[in-house]
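Hi,

Here is the structure I promised to pass on. Have a look at it first, and then read my notes below.

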Amino acid sequence: MSSEFLTRRRFLKASGVCLALPWLERFASAKDAADAPNRAVFLFVPNGVNMWEWHPATTGKDYELTPPLRNLAGLRDRFTAFSGLQHIKAGGGHQEAALWLTGNPNYASKKEIYVTPNTISIDQHIAGAIGRQTRWPSMVVGADGGQYTCSFDAEGRPVLADFDLASIFAELVGADPKGRLPQRGSILDLVANQAAGLRRELGKSDERKLDEYVESIRALEKRVQADMAWKSTFRREAIQDDRLNLRADPHNTPDGVDFVDTMLELIYLALRIDCTRVAAFSAYRSSQCCVLKHLGFDVHTEGHNSGDALPEDKPKHFANLSKADAWWTERLARFLDRLRTTREGEHDMLRHTTVLYGSGMSWPAYHRNHNLPILLAGGEGVGFAHGQHIVFNGQRKDIPNDKQEHRNATKLGPDAVSMSDLLRTISERMGVPAEGFGESRRVLTELLA
Amino acid sequence: MTRESRQISRTSVGAFVVAWSCVVAPLQAGPADNDAHARTFSLVVRPFFQKHCIACHGAEKQEGEVRFDGPLPDLVEPKLAEQWLAAKRLMAQGEMPPKGRPRPTADELTPVLAWIDDAAARAATITRGGIGRRALRRLTPREYVNTSLDVLGLSFPHFPVDLSRRLPQDSAEDNFSNDSNQQSTQPLLLRRSLDLAEQLVDVALPEEPHLGPIRYEVDVREFAAKAAAKLTKPQYNLVAYRDDVPAAGDGKPASLSLVGRWSGPNNGRRPLAVTRLDAKRGILLAPNPVVIGNAMECLTLKLPLVPDRGVLRLRVKAGAIIPAGETAPVLRVSIAREFVIVPVGELVVTAPADAPAEYVLETPLALADADWKGIHRDGHLELQVDNAAALVEPALRAPDDKRKEGEIPLPTRNELLVSSLAVEVVETPPRSPHLLASAREGESDRDRARRSLEAFLPQAFRRPARETEVAAHLGLYDAERARGASFLSAYKAAVTAALISPQTFYLIEPKDAEQRPLTAWELASRLSYLAWGTAPDEVLQARAADGSLLREDELRRQLARLLDDPRSYALCREFARQWLDLDSILHLDQATVLDRQTINQKEDIPRYEAVLRRDMVEEAPRLFEELLRKNRPVESLVGCEIVIINDRLARFYGIDVEAVRREPPGHQFRAVPAPADRRGGLLTQAGCIAAASHGRERSEILRGVYLIERILGIDIPTPPGNVQPLDVQLNMDKNLRKLSPREHVEAHSSVNTCAVCHQRIDPLGFAWDQYDLFGRLRRDKAGKLVAANTSGQLPDKTPFTDIDDFRRRLIEPPAERRPTPRFTDAFSRRLYAYVLGRSLDHGDDAHLQSIHAAAARAEGGLRDLLTAMVLSKPFRHK
């Protein structure tokens with residue numbers, strides 16, 4: 001190990017300590033609204049993209065927007081596009097959603113259901129540190145719900161994703177009669193006591209199962225307390241009825257469109273009223289592109305059919321993939337615009353909201369995961385500077401050639417930059433140290449102002 | 001490099017899982033027995049390994065990083081267990097010692113293999129902590145909902161909402177959702193369960209009435225007469241006629257509207273009149289084709305107030321006109337607002353239109369998933385009554401049919417006659433007598449609460465409640481009262497707490513120092529959740545209370561009683577649907593009806609599709625139920641002279657049901673003699689073939705995987721992430737297109753890395769070659785059957801020529817040198833895993849042996865097998 005490497009590590013460690021004090025920094029950068037909280041949003045897009053069109057060809061500030069990114073033209077200065085990001089050890093395959101925010105190369109799954117525990121995902125890592133400040137530690141949502149999620153807890157278990165728009169909204173606006181909360185509190189007290197009594201009667205392996213119950217009860221108690229303490233500062237004008245279709249069914253075209261838009265709006269509302277500061281939306285599984293049925297083709301099949309071939313061999317399939325990509329970036333643009341047009345102090349909400357957008361897959365046919373399509377938007381308040389296309393690991397834009405070189409990952413050197421580095425950077429800018437997170441080696445100072 | 005090594009390790013894990021066989025292993029584990037086990041190791045096993053194995057797997061060389069020169073191995077260590085079981089399998093198959101090394105004799109080998117089996121079984125028992133033991137099992141979402149409804153005594157048979165869908169589901173594609181090791185409990189689940197428990201308790205114990213009595217009665221015949229007099233010309237407008245309905249007591253009038261078109265000319269899509277007015281009989285509603293949005297043909301009743309709690313009770317005098325070959329109409333009640341209709345009640349009407357009968361439909365308004373906020377804003381509740389029957393078969397255009405839309409008459413449809421309608425909202429639904437003791441004179445509220453809890457808690461906890469538990473819940477009641485809550489509100493808190501208590505949430509079987517038999521109460525719960533998926537009923541509780549359930553004869557009797565009850569369909573449904581992954585077909589993208597074939601009535605198709613798919617999902621559980629009830633041999637699951645179908649499936653299969661018609665026709669499943677192409681039991685059901693085909697035309701390999709995993713019970717490792725489905729490969733590689741499907745698949749299984757598994761998988765899938773992706777016989781465009789080459793082979797190379805031969809091979813006893821498990825073994829392992837609520841391991845082989853023996857001593861039927869499983873030690877022991 002070279003001494004140069006050591007010094008850089010030491011430097012980063014030192015900077016990590018600094019970053020652990022976001023308040024100081026915020027006060028230092030003076031004119032920011034005194035109490036605008038910092039937030040992080042993770043938007044997972046399944047099944048990769050049309051890689052021939054996604055990545056810009058040129059780098060730096062003046063890069064040319066590619067077709068899928070044109071939807072974001074109005075936000076050009078507010079986001080960064082990346083090339084060359086990937087996990088270092090974790091290979092491609094069916095577990096890409098579970099790896100996206102964890103970078104855990106040892107994770108194994110069968111049919112998208114985990115068989116080995118994962119490691120903690122970055123959203124939960126951040127939520128673990130700052131989640132106590134809000135009513136909800138984090139907001140984990142997705143169309144398929146349950147164990148189909150990108151979020152994993154400290155034990156590596158999937159954090160069940162919520163899918164029920166109406167319930168989320170009801171909890172968000174506090175539709176539950178408030179009078180009920182103290183009663184809920186006493187009910188939870190009672191069953192927590194029962195569980196404690198039960199522990200003594202059970203064997204070791206049962207205790208672990210019961211612990212899940214006890215933890216859940218505790219989380220629920222915390223939530224009840226937070227709900228009780230929560231003064232209804234909710235401003236009704238924040239709700240735009242036409243943006244919410246709470247009955248949208250993700251499995252039913254054309255509601256799928258409404259489902260995604262409504263969910264994004266709910267995320268926006270949750271952030272806006274400071275109900276949570278961390279949100280992860282894993283739209284749906286890569287093998288179940290239900291939300292996109294209205295496009296007239298199955299994105300998953302289309303991805304396979306493209307065969308990761310040369311563009312002229314599969315023009316129709318790649319055109320369809322582009323359609324799906326553009327559909328997603330349009331949703332993203334809408335969401336970012338909502339944040340940007342919401343004033344918060346002297347700035348807008350986007351300035352205090354770091355949004356990571358992308359897929360855990362690049363070429364869809366073979367489920368490859370090198371050169372992931374990733375965008376980072378907002379969060380200037382915590383020090384991100386945008387408007388560029390940044391290239392890591394010497395990645396070049398894929399040019400079709402007969403040797404099919406696009407199918408191979410770039411050779412990674414010992415100082416390769418990984419997806420985990422980006423996740424860590426987000427976490428540390430949020431004030432949550434994440435040294436050694438996943439496969440991370442350093443903080444990506446390239447992104448900072 | 002990393003990717004390669006990962007694949008290798010996956011393959012070897014998979015190979016290890018495959019290795020299970022049926023050598024009987026003794027299971028007692030006393031200290032003396034442990035000595036014998038160790039002695040056999042040093043006297044027999046170690047010398048054997050020294051002679052045959054150590055040269056390559058010893059101190060000097062460790063081929064494959066495996067060595068066998070250590071001391072007595074403890075197979076609790078999973079890595080060691082894997083090595084030893086792999087060694088056992090390879091030796092049994094004669095692959096080890098490798099070619100060129102001296103072969104051990106059978107006499108040498110047998111005791112060594114038996115010893116490894118014994119060691120593995122011991123380890124499995126230790127790991128589990130007991131022979132019957134499973135980790136603390138939580139109720140599945142469906143069991144939780146059933147339990148809550150049952151202990152509260154609520155029953156809404158016509159309420160079409162599956163409340164369990166409101167809880168996050170356990171994803172268990174390969175295991176059963178009752179497998180305790182796969183379940184996880186998280187805040188979201190508990191939160192939703194608490195929400196639901198609160199709602200259900202609110203329904204069962206309503207607080208003081210919030211609205212006056214609500215009752216409206218209409219004689220629809222009068223309404224029809226008035227409408228017919230007014231409507232002389234054809235109408236197309238949405239609300240064609242409206243009339244006031246006075247309240248039966250005090251209160252503002254409601255209004256009844258007739259929505260739809262009748263006597264109208266062709267509106268471009270639907271050429272004929274559909275709703276008929278009959279002053280003598282009432283209004284005749286044709287099936288409403290609209291799935292989402294405003295109904296086309298319906299009656300709407302607009303109440304001038306918004307009851308959002310209580311139970312809506314609808315009394316309808318209704319009859320049915322059912323043309324030959326059609327199903328009975330379905331009366332559906334929905335809450336409508338703007339373009340959203342939320343169904344809240346459905347019932348099948350079978351009384352003839354000449355003699356309409358009174359039907360009563362009850363639905364809990366608070367549980368309806370309606371937009372209550374918006375409804376309150378509107379200030380009235382709009383109920384919609386329509387006919388929600390799906391067609392038995394949509395009218396299809398033949399390929400050479402040149403007629404245009406409108407020229408082809410609509411198929412005859414059923415009609416729902418509504419001749420009178422009465423709506424009332426009752427506050428208190430029928431509920432369990434244990435839920436709330438009626439007040440006694442001179443008794444304090446607190447004593448009443450105590451008395452009620454003493455009766456209720458045992459229902460929820462499924463065992464007698466301890467005094468401390470009653471006291472704890474009463475403490476909650478006291479605390480609530482002290483906070484100023486009313487009696488009912490405080491008592492409801494105590495009941496809600498009981499519903500999400502760990503005692504209700506889990507099947508609790510406390511530990512003991514020693515392995516122990518279950519108590520009668522624990523056994524009653526296991527039995528009841530197995531057979532009915534809910535808490536024990538009163539009879540079972542009585543047998544648990546007097547302990548008689550612990551006697552074998554009583555256990556048999558109770559099991560028989562539970563299985564004879566129609567509620568045992570819960571067992572058939574949950575087991576068969578999960579085992580065969582049937583729910584997956586509900587979401588397949590492909591349609592059974594091709595768009596170009598439909599005529600006139602495209603809007604009928606979505607509903608027909610949805611209902612047909614539900615029928616497909618139901619067929620396998622219904623067959624299972626029939627075979628279980630009749631105690632037919634296990635083999636009949638894959639070879640049966642009957643099919644259990646309804647009219648819709650009969651049409652789908654092309655079976656003439658007129659010949660075997662039984663009243664009432666249509667939606668009900670019944671036994672019908674199987675035609676030649678449907679004699680394979682589960683194997684020739686559309687549901688299984690569709691689930692195996694994953695909506696792909698070319699699905700030989702997917703079908704092979706389905707057959708090998710689910711029917712033959714051989715676990716296959718996950719393929720690497722970069723594998724393409726067959727039809728995709730075809731699209732990608734022009735050369736492949738020149739090959740026949742069979743050559744293509746064979747090319748695939750000849751690739752080296754894939755061959756290990758695919759040589760076993762691929763030849764299986766051809767058994768279904770004559771069936772298309774939805775399990776219909778494959779036909780060409782002219783409707784002629786396509787010749788299929790259905791020959792293939794089982795993983796042990798037993799050849800078969802077609803599906804009939806395949807299923808015969810499945811059930812023949814395996815030959816000596818062919819270790820491939822056959823269907824009955826695979827099936828009983830699956831069933832036993834479901835029965836025990838945990839995945840099986842090596843320690844269970846011996847129990848399965850004795851279960852098979854016990855079942856064979858009886859008549860060897862499905863019911864005998866299930867009985868033997870329930871009587872087996874692991875089911876009755878902790």
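**Notes on strand 9 and its surroundings**

In chain A, A:Leu356 has A:Leu376 of strand 10 as its bridge partner. Before you read too much into that, remember that this is a predicted model.

That pair belongs to a longer ladder: strand 9 and strand 10 (residues 374-378) of chain A are joined by five bridges and run antiparallel. Strand 9 of chain A also pairs with strand 1 (residues 39-44), this time through six bridges, and these two run parallel. If you want a spot to zoom in on there, try A:Val41, which stands opposite A:Val355 of strand 9.

So is strand 9 of chain A buried or exposed? Six of its six residues (353-358) are buried, so the strand is largely enclosed by the rest of the structure. You can check both faces yourself: A:Thr353, A:Val355 and A:Tyr357 point one way, A:Thr354, A:Leu356 and A:Gly358 point the other way, and all are buried.

Zooming out, chain A has 12 helices and 11 strands. Of its 449 residues, 55% are buried. Look also at the contacts in chain A between residues at least 6 apart in sequence: 68% of them join residues at least 24 apart.

Chain B comes divided into four pieces: domain 1 (28-128), domain 2 (133-205 + 445-508), domain 3 (214-426) and domain 4 (570-585 + 601-840). Taken over C-alpha atoms, the centres of domain 1 and domain 2 of chain B are 49 Å apart.

Have fun with it!

Key:
Residues are numbered from 1 along each chain as its sequence is written. Chains are lettered from A and ligands numbered from 1 in the order in which they are written. This is a predicted model: local features need pLDDT of at least 70, side-chain atom pairs count only at pLDDT 80 or more; totals for chains, interfaces and linings use all residues. Domain bounds come from an automatic or database domain assignment. Helices (H or I, at least four residues) and strands (E, at least two) are DSSP runs, numbered from the N terminus. A residue is buried if 20 or more other C-beta atoms lie within 10 Å of its own, exposed if 12 or fewer, and partly exposed in between; C-beta atoms are placed from the backbone. Two residues are in contact if their C-beta atoms, placed from the backbone, lie within 7 Å. Two strands pair if DSSP finds at least two bridges between them.
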